[in-house]
Amino acid sequence: MASKLVGVLLVAQFGCKVSCDHERDSPELPAHRLEVFQQLATFRGASRSRRDAPVAGEPASCGGDSPDQDALRQNSHQNTFRDDDGSSVTLAWVGDGTGIILALTTFNLPLAWLFFGGSSRLYRSEDYGKTFTDISNVLQTHYIRKEFGINIGPEHSKKVILIAEESKPLRRSGIILRSSDSGWSFNSVRLPFRPGLPMDYHSSHSDHLLAYSTDHDLWLSQNFGGTWKKIHQSVYTYSWGPGNTIFFSTHPNGIYNVNERGMLVIKRTMDFGKTFQTLLTNVYSFGFAGRFLFASVINNQTQPRSIFVSADQGDSWNKAQLPSVSHEQFYSILAADDEMIFIHLDEPGTTGFGTIYTSDDRGLLFSKSLERHLFSDTSGTTDFTRVTSLRGVYITNVFDEDYNIRSVITFDNGGEWKSLKKPSNSQCDSTAKDPQMCNLHIHAAYSISQTLDVPLPPLTAPNAVGLILAHGSVGDAISTLIPDVYVSDDGGYTWLKALTGPHHYAILDSGGLIVAVESHPDRPIDIIKYSTDEGQCWKHYNFTNETFMFVGLVSEPGTKSMNISLWGYKQKNIYETTWLSITIDFEELLTRDCQDKDYVRWLAHSTEVGTKTDGCILGYKETFQRLAKASVCRNGRDYIISKEQNFCPCSLDDYMCDFGYYREGNSNECKEQPDLKNRVLEFCLQGKEELLKTDGYRKVPGDKCEGGFVPNRTEQMTSTRCEQILSVKDPMSKITIITIVLSVLGASVLMITGIALIFKKYVCGGRALVYRYSVLQTNTDEVCIAESLDSNRSNTERTYHDDSDVDLIE
């Protein structure tokens, strides 16, 4: 499993790969600060028509009364990081609710590959960022690479690791600085290897660490990095499993060659490397998520690859039953938990879309869920988003036959997908060709990858029930006009236009408070907006009188905090800029603790008020205690979601289409797939053939309905043996897997500390934007894209995951 690398990363990756000319409307900034901000100003300005005056459907603004302004002004704290020339800042929260933050600034020399060098500064706060102390002396003159960031241990371990860069780049060793007291003190340890990735903590034993060397060896420490033991050499991919289990792939001949991936084996050790078991051979790559272990296997080196799934940590494997594909296609595991798997199957050719399939509870039988699902094979991005506060709710985008992108939502784990309803306070935008088909469409990872004016993807939080914040447009398809911010308070059934124009936003106090800052990378900002009624009404606070170039809005992961920090810089003169942070404590604004009278009962998924089945999703109803919108109080850190559950009778809505069946349009009826019609449905399970007899329905994994509609469905095991794993009898034959991208929370091995809140990709120069999405195309300005980090992470996450996990499973 991935280590608990917590925090938020604010990155200004300065410098461009080629020379770029721009017109400058403001005084020239220092060279190391100029290009990232000026590039965005030029690019985004070309498509921007900023709306400063209220327009039709403008969200309500409640203004700012004097008591609020005075309270916030007394609880705003500014930090100036003087004489710090760092070009990036990494923030990490140590523990939950401790208030301890570490801030690491780094500066790289432009030609580090030729002249090794860089500088680092480390700061520590014990009051949620209100004040910082410079503790750079603990670094002992070592340079800390921002790629490794700050490695924070799980939960309340107080463990911190900084990975230092060796002064001799060719040296086969490394140095770590480790702390067991939340960064108060550090001691250095020389490693017998040179780290190639951040340290990977065990999820429940913070002294247990995995490390990957630049020589492709896997190392283990059981005493928090004090001593190290080599687990195995020539390791391609690795992952913590349950308990003391470690999975990894290696070559049987002990070599490391990416061209030999189809010859790999998956090994498992359950005793920290004393003994090993080989689980699978002829492996291309693997990944672990939920309770499922996935592997990409090549039966014959001249044949395509196939997916095998294990639900018992590799003791037994079964081939995933999916439609056949050509060698040009790929699979992508979109989500996986203990109950089911969402998997994307690419269409032939460079189409930019494919089909989502969902599995049974064994991860074996897959059924079609959504066709024409957007997944750009040029940028490697998908808009598939889970609403973390409600079960079974996902939002994504589809690429229609008319070459437009539209948003859809499911409330029942992919059983049915619907359009998002048009917000009542919004008009259909000018790009709509068919106003009768006017719906809300959400911008997410794909829009960000295309450098549209979208600062953040959709944001949800497990403890903010039903609350969703997202950028979007209203029309018959998603538009490249400037997006607005929309809010749903019922898990996506209804929406409200909350803010005009793009914003950075964050959820605080378990949803009792929302804050937002306008996105203006080309000019200073001085206003923060906040709402105590889930985005219906907004107040404004002028937090500074200085020139403040805003970079990122950050808060403690978990959304329970009442503190928000704005990070940016001010220009001292044309040669010098200084990092600034301004932390605002809203706890003194919401001084009253919420009481029982402040909460109301809310039935989730309520669409048929008064009926017995109202709110029935996945077989049961859930009634929550939620904060009333009129209540101005604080939930507090001890807030726990209160809910009641009641089971429902089974209906068609509780069933997905079985293997070989699909739903057409909005129909609840499952029809037989034409290519499998009148064929005997059989599959190989544990070495024996199983015959599937079905009416076309199987219960959605995790569905708890009782009685009611019960379709006929049997799986009959025959005495006919089928060949094991590497030559399994395949009733569909020719199943091909070319690429699998595993992008599941907690599954990534390639991890970087924090969340990049600035820019996923920014372009030198600019590019004309089409009026609406018309084609999925690669960025023609590739040579001028500066390196950057992913920005599509919420302030609820303690761990940053690189979503381009092509090396995990392909």
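Reader: How should I read the surroundings of Lys159: is this residue buried or exposed?

Author: The general idea is a scale of relative accessible area, on which buried means under 20%, exposed means over 50%, and partly exposed is what falls in between (1.4 Å probe, protein chains only). Lys159, at 10% relative accessibility, counts as buried. Please keep in mind that this is a predicted model, in which local features need pLDDT of at least 70 and side-chain atom pairs count only at pLDDT 80 or more, while totals for chains, interfaces and linings use all residues. Residues are numbered from 1 along each chain as its sequence is written, and side-chain values use heavy atoms, with hydrogens and water left out.

Reader: Which side chain does Lys159 meet in a salt bridge?

Author: A salt bridge is a side-chain nitrogen of Lys or Arg within 4 Å of a carboxyl oxygen of Asp or Glu. Here the partner of Lys159 is Asp207, with 2.6 Å from N to O. Asp207 sits in the loop between β13 (200-201) and β14 (209-212), and Lys159 in the loop between β9 (150-152) and β10 (160-165), so the pair ties together parts that are 48 residues apart in sequence. Unlike its buried partner, Asp207 is partly exposed, at 33% relative accessibility.

Reader: How many salt bridges does the structure hold, and which residues are linked in a network of them?

Author: There are 29 salt bridges, and the network links Asp489, Glu534, Arg626 and Lys629. Within this network, Lys629 and Asp489 form a salt bridge whose closest N and O atoms are 2.6 Å apart. Lys629 lies in the loop between β45 (620-627) and β46 (643-647), and Asp489 in the loop between β35 (484-488) and β36 (496-499), so this pair connects parts that are 140 residues apart in sequence. Lys629 is partly exposed at 29%, and Asp489 is likewise partly exposed at 23%.

Reader: What is the order of the strands in the open sheet?

Author: Strands (E, at least two residues) and helices (H or I, at least four) are DSSP runs, numbered from the N terminus, and two strands pair if DSSP finds at least two bridges between them. The sheet has four strands in the order β3-β43-β42-β41, with antiparallel pairing. Its edges are β3 (76-81) and β41 (549-554), each with a single partner strand, so one side of each has no neighbour in the sheet.

Reader: How many bridges join β3 to β43?

Author: Six bridges join β3 to β43 (residues 576-585), and the two run antiparallel; Phe81, for instance, has Trp579 in β43 as its bridge partner.
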